[in-house]
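Visitor: I would like a close look at a single part of this protein, taken slowly. Could you choose one helix and walk me through its two sides, the covered one and the open one?

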Amino acid sequence: MTYEEVFAKAKELFMRNDVSGVQEHLAYQFNITGEGEGAFYAEVKDGRLYVEPYEYYDRDATFICSADTLLKLAAGKIDPVLAFTIGKLRVEGSIEQALKLNNFLK
């Protein structure tokens, strides 16, 4: 899978989530390792979700994982805390803010 394919699928999956109840600003960068390597960000602002194909420098946390793990997270097939615990997901930045990813992944 190319970066473009991984990003398109991840964006499609993330955009299915309802963030209208999230009133705080959250900004996450996702760094994809291995096949489909690249970076993109997801930002929740004013109850709306934005997913764009470039780095976000004023982010709360960075998630580092393979494309496979990313797509499972975005589809709600693996819990981010579990993925972190078993070593499939690395987190840099605010762990407190990173945990809020669960608020809109279904």
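Guide: Let us take helix H1, in which Tyr3, Val6, Phe7, Ala10, Leu13 and Phe14 are buried. Please keep in mind from the start that this is a predicted model. When you look down the axis of H1, its buried residues fall within an arc of 130°, so they line one face of the helix. The cover over the buried residues of H1 includes strand S1, strand S2 (38-45), strand S3 (48-52) and helix H2 (67-74).

The length of the helix can be checked as well: with 12 residues at 1.5 Å a residue, H1 should span 16 Å, and because its end C-alpha atoms are 16 Å apart, the model agrees with that expectation.

To see what being covered looks like for one residue, consider alanine 10, which lies in helix H1. Alanine 10 counts as buried because its relative accessibility is 0%, and the cut-off for that word is under 20%. If its neighbours within four places in sequence are left aside, alanine 10 is in contact with Phe40, Leu70, Leu71 and Ala74. Sequence and space can also be set side by side here, since alanine 10 and leucine 73 are 63 residues apart along the chain, while their C-alpha atoms are 9.0 Å apart in space.

Helix H2, which is among the elements covering the buried residues of H1, deserves a short stop of its own. Threonine 69 is found in helix H2, and at 6% relative accessibility threonine 69 counts as buried. Apart from neighbours within four places in sequence, threonine 69 is in contact with Ile78, Ala83 and Lys88.

Now let us turn to the charged residues of H1. Side chains of opposite charge can pair when their charged atoms come close. Lysine 9 forms such a pair, a salt bridge with glutamate 12, in which the closest N and O atoms are 3.7 Å apart. Both residues lie in helix H1 (residues 3-14), where they are three residues apart, or about one turn of the helix. Lysine 9 counts as partly exposed because its relative accessible area is 34%, and glutamate 12 is likewise partly exposed, with a relative accessible area of 38%.

Glutamate 12 has a further partner, for its side chain also meets that of arginine 16 in a salt bridge, at 2.7 Å from N to O. Arginine 16 is exposed, with a relative accessible area of 58%.

A search of the whole structure finds five salt bridges, and one of them makes a useful contrast with the pair inside the helix: lysine 100 forms a salt bridge with glutamate 24, with 3.1 Å between the closest N and O atoms. This pair links distant parts of the chain, since lysine 100 is in the segment after helix H4 (95-98) and glutamate 24 is in the loop between H1 and strand S1 (26-33), 76 residues apart. Glutamate 24 is partly exposed, its relative accessible area being 32%. Returning to the helix where we began, salt bridges that share partners join Lys9, Glu12 and Arg16 into one network.

To draw the two sides together, H1 has a face lined by its buried residues, and it also holds lysine 9 and glutamate 12, which are partly exposed.

Notes. Residues are numbered from 1 along each chain as its sequence is written. This is a predicted model: local features need pLDDT of at least 70, side-chain atom pairs count only at pLDDT 80 or more; totals for chains, interfaces and linings use all residues. Side-chain values use heavy atoms; hydrogens and water are left out. A salt bridge is a side-chain nitrogen of Lys or Arg within 4 Å of a carboxyl oxygen of Asp or Glu. Helices (H or I, at least four residues) and strands (E, at least two) are DSSP runs, numbered from the N terminus. Buried means under 20% relative accessible area, exposed over 50%, partly exposed in between (1.4 Å probe, protein chains only). The expected span of a helix is 1.5 Å times one less than its number of residues. The arc is that of the directions from the helix axis to the C-beta atoms. Contact means heavy atoms within 4.5 Å.
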